[in-house]
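Colleague: Hello! I am new to this structure, so could you show it to me and let me ask about the words you use?

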Amino acid sequence: MSPTSYRTAPPRVTERTLIIAWPPDDVIDARCTHIVRHRMSQPIRPTFADIQDAARQIAGVARRTPVLTSGTLDAVANARLFFKCENFQRAGAFKFRGAYNALSRLSADERRRGVLTFSSGNHGQAIALAGRLLDIPRVIVMPTDAPAVKRRATEAYGGEVIAYDRQTGDRESIGRRIAAERGLTVVPPYDHADIIAGQGTAACEFFDDVGSLDFLFVPCGGGGLLSGTAIAARSLAPACRVIGVEPAAGDDATRSFQTGQLQTVHNPETVADGARTPSLGSLTFPLVLEYVSGMTTVDDATLLRTMFLLWERLKVVVEPTAALGAAAVLHGTLPIANARVGVILSGGNVDVSEIPQWLRLL
């Protein structure tokens with residue numbers, strides 16, 4: 001099956017469109033005042049200058065990941081394809097960029113008290129590793145059905161994992177309660193200016209390595225990578241059309257993009273565990289509307305076929321979520337013939353025990 005039809009961009013929005021409401025100080029529990037102050041101190045909207053600053057902040061710590069090509073895949077797509085391999089990033093995914101950028105900017109007091117995040121896997125691993133490098137205590141709230149390989153890695157990096165049932169619990173509510181009780185600073189997985197800026201550094205490297213692109217396809221969960229990539233592309237390659245790709249079962253961002261109204265989805269059943277987020281965030285939603293050119297989706301069977309094809313032809317291991325962009329390129333209907341097309345492969349943390357089940361879905 002092919003992806004759903006491509007949605008073109010709605011009218012651009014301006015910065016004045018974004019309104020973030022936050023309770024006044026007198027209704028905030030004193031235990032979590034430091035959390036509010038930290039979040040309020042963050043820039044409302046990350047800019048390209050913030051991405052450039054993030055690149056300097058993570059230089060020498062994050063890896064500059066390679067770009068791979070394949071004549072076989074070029075022939076399938078009838079285009080010139082370039083794959084940015086964030087599966088080779090530290091902790092196995094692009095998430096390390098944003099995590100290290102955010103944690104390295106905390107105050108001495110915030111570092112001493114520690115941080116908390118919520119994650120289905122890759123962001124939790126990234127926070128655990130970045131926190132270890134920076135000597136910051138870290139707590140990660142993870143669903144019980146998170147891939148075992150991601151939980152094990154998070155614990156191996158020294159993160160304290162607190163499990164919750166995705167069907168009955170809300171990770172943000174659980175996380176903020178624990179953060180308030182322990183005095184921890186919350187560093188969310190995507191709706192955070194320093195996180196978004198850090199993720200945008202991958203696109204900066206990409207354009208530096210391959211030059212201009214006509215299209216750039218990016219996996220989308222909560223929109224941190226997509227937002228950061230699109231901001232960078234607007235400055236470095238204004239003619240490049242940035243396309244976000246979601247699993248068909250979790251198409252909230254695509255519907256949000258199409259309607260201009262924030263849409264949600266509840267625990268979508270998809271093999272793309274990194275894209276099972278309920279919605280775009282208060283930061284990422286308006287950024288996606290302003291900077292992204294289009295959104296599309298792919299079903300799980302198409303996604304898995306693409307993932308295995310990448311294993312075979314590029315000789316690299318990527319996880320299902322990472323193959324979203326490639327699936328839209330190789331099996332889609334977008335007009336990319338003869339174009340220069342970039343694809344971000346977002347991560348490679350594969351739970352190999354899932355392979356037999358994935359094969360049954362094909």
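Colleague: What makes Lys84 buried or exposed?

Modeller: Lys84 has a relative accessible area of 0%. Buried means under 20% relative accessible area, exposed over 50% and partly exposed in between, with a 1.4 Å probe and protein chains only, so Lys84 is buried. A word on the background: this is a predicted model, where local features need pLDDT of at least 70 and side-chain atom pairs count only at pLDDT 80 or more, while totals for chains, interfaces and linings use all residues. Residues are numbered from 1 along each chain as its sequence is written, and side-chain values use heavy atoms, leaving out hydrogens and water.

Colleague: Why is the contact between Glu205 and Lys84 called a salt bridge?

Modeller: The term asks for a side-chain nitrogen of Lys or Arg within 4 Å of a carboxyl oxygen of Asp or Glu. The N to O distance between Glu205 and Lys84 is 2.7 Å, so the pair fits the definition. Glu205 lies in helix 9 (residues 193-210) and Lys84 in strand 3 (residues 80-85), 121 residues apart. Here helices (H or I, at least four residues) and strands (E, at least two) are DSSP runs, numbered from the N terminus.

Colleague: Is Glu205 buried or exposed?

Modeller: Glu205 is buried, because its relative accessible area is 12%.

Colleague: And what is Glu160, which forms a salt bridge with Arg182, called at 34% relative accessibility?

Modeller: Glu160 counts as partly exposed because of that 34%. Arg182 is partly exposed too, with 42%.
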